[in-house]
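Load the model in a viewer and keep the sequence panel open beside it. The stops below are meant to be selected in order.

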Amino acid sequence: MAQKREIPYIWVTWLTKLLVGEHSCEWAGWFRSNHLNSSFNKIPTTFDAAEWQLNHTTLLNNAREDLENSGWTVFTEHQNAFRLRGSSAILGGKPDLVAVSNNKGIILDVKTGQPLPSHHVQVLLYMYAVPKALRQYSGVTFEGRVVYPNHLDRIPGNGVDSNFVNNFSELIRRLASVYPARRVPSSLECSFCNITKIDCPDRIESQKEGLEETGDF
Ligand code: SF4
């Protein structure tokens with residue numbers, strides 16, 4: 001049986017798709033935030049992790065080399081893991097790359113697939129949390145970057161404004177609440193969700209067969 005966490009813990013990527021409307025089921029984030037990851041069953045993934053890891057590492061190494069050649073001091077992946085304590089929850093994350101030079105900084109994330117608005121939001125959340133959670137970066141002004149296989153998006157530091165902070169803080173409070181968030185089952189979203197019917201009885205299992213021809217057209 002899923003075991004409750006003592007303090008709600010929220011991973012940055014559980015927020016990003018909800019914030020931009022790419023996902024709607026807040027209950028999935030609420031459940032993960034409030035229960036220990038090791039305590040509940042999960043749908044096995046069919047995702048090719050090895051291929052993704054190879055592509056991701058190649059893009060990240062190229063970005064690291066470019067920045068180091070331009071004089072930046074660069075830290076990658078596990079070096080950048082953070083936990084930021086708020087009044088309702090702990091926010092955790094791990095930016096792919098943090099680069100610093102004097103009081104300027106770059107937070108960069110690598111994406112191997114198609115560009116999505118949630119990628120920008122992910123980097124904005126890192127730009128908010130990293131200087132607060134990691135003492136060595138307090139006072140550093142960050143800009144953000146998302147690196148794709150064929151291009152790079154720049155995210156100015158002023159994107160972390162009061163409106164953005166209010167929006168994600170409100171979502172964190174809903175996911176951290178003792179009251180369950182809204183469950184929004186759909187065949188598309190449930191197909192990307194690893195929570196089983198044991199914990200989510202509303203889960204819609206993907207249809208393996210083709211669609212029945214019932215339309216009049
Ligand atoms: S299985 Fe579907 S309804 Fe259940 S939590 Fe996941 S996305 Fe939401």
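The tour goes from the whole chain to its helices, then to the ligand, a pocket and some loop residues.

**Whole chain**

Start with everything shown as a cartoon, and keep in mind that this is a predicted model. The protein chain holds six helices and eight strands. Followed along the sequence, these elements come in the order β-α-α-α-β-β-β-β-β-α-β-β-α-α. Turn the C-alpha trace to its principal axes, and the protein chain spans about 60 × 40 × 35 Å. Colour by accessibility next: of the 217 residues in the protein chain, 42% are buried. Contacts can be drawn as lines; among those between residues at least 6 apart in sequence, 69% join residues at least 24 apart.

**Helix α2**

Select residues 26-34, which form helix α2. How many of the nine residues of this helix are buried? Nine of the nine are, so α2 is largely enclosed by the rest of the structure. In order, the buried residues are Glu26, Trp27, Ala28, Gly29, Trp30, Phe31, Arg32, Ser33 and Asn34. To see what covers the buried residues of α2, add the surrounding elements, including β1 (9-11), α1 (13-20) and α5.

**The ligand**

Keep α2 on screen and show the ligand. Its surroundings consist of Cys25, Trp27, Ala28, Arg183, Pro185, Cys190, Cys193, Cys200 and Arg203. Two of these, Trp27 and Ala28, were also named among the buried residues of α2. Coloured by class, the shell around the ligand shows seven nonpolar and two charged residues, with no polar ones.

**Helix α4 and Gln122**

Move to residues 117-133, helix α4. Put a distance between the C-alpha atoms at its two ends: they are 24 Å apart, which agrees with the 24 Å that 17 residues should span at 1.5 Å a residue. α4 is mostly covered, with 13 of its 17 residues buried.

Within α4, pick Gln122. Is Gln122 buried or exposed? Gln122 has a relative accessibility of 5% and therefore counts as buried, given that the cut-off for buried is under 20%. Show its contacts and, leaving out residues up to four places away in sequence, Gln122 touches Val12, Thr13, Thr16, Asp109 and Lys111.

**Helix α3 and Leu60**

Select residues 49-69, helix α3, and centre on Leu60. Leu60 is buried, at 4% relative accessible area. Which residues does Leu60 contact, apart from neighbours within four places in sequence? They are Glu77, Asp96, Leu97 and Val110. Draw the C-alpha to C-alpha distance from Leu60 to Val110: the two are 6.3 Å apart in space and 50 residues apart in sequence.

**The second largest pocket**

Switch on a pocket display. Rolling a probe the size of a water molecule over the atoms shows where empty space is left. The second largest pocket encloses about 210 Å³. Thirteen residues is a manageable selection here: of the 13 residues lining the second largest pocket, Gly86, Ser87, Ser88, Ser169 and Ile172 are the closest to its centre. Two or more lining residues come from each of β3 (82-85), β4 (90-93) and α5 (162-176). Of these, α5 gives the most, with four residues. By class, the lining of the second largest pocket has seven nonpolar, four polar and two charged residues.

**Loop residues**

Go back to Glu77, a contact of Leu60. Glu77 sits in the loop between β2 (73-76) and β3. Check its backbone torsions: Glu77 has a positive phi of about 40°, although it is not a glycine. At 26% relative accessibility, Glu77 counts as partly exposed.

In that loop between β2 and β3, select Gln79 as well. Gln79 is partly exposed, with a relative accessible area of 47%. A line from the C-alpha atom of Gln79 to that of Ile7 covers 24 Å, and 72 residues separate the two along the chain.

The last stop is Asn102, in the loop between β5 (97-101) and β6 (104-110). Asn102 also is not a glycine and has a positive phi, of about 55°. Is Asn102 buried or exposed? At 73% relative accessibility, Asn102 counts as exposed.

Methods
Residues numbered from 1 in each chain as written. Predicted model: local features only at pLDDT ≥ 70, side-chain atom pairs only at ≥ 80, totals over all residues. Heavy atoms only, no water. Buried < 20%, exposed > 50% of the residue type's maximum accessible area, 1.4 Å probe, protein only. Contact = heavy atoms within 4.5 Å. Near = heavy atom within 4 Å. Nonpolar A, V, L, I, M, F, W, Y, C, P; charged D, E, K, R; others polar. 1 Å grid on protein atoms, 1.4 Å probe; cavity = no way out; pocket = protein on both sides within 12 Å on 5 of 7 lines; lining within 4 Å. Points joined across faces, edges and corners; volume = space filled by probe spheres on them. Expected span 1.5 Å × (residues − 1).
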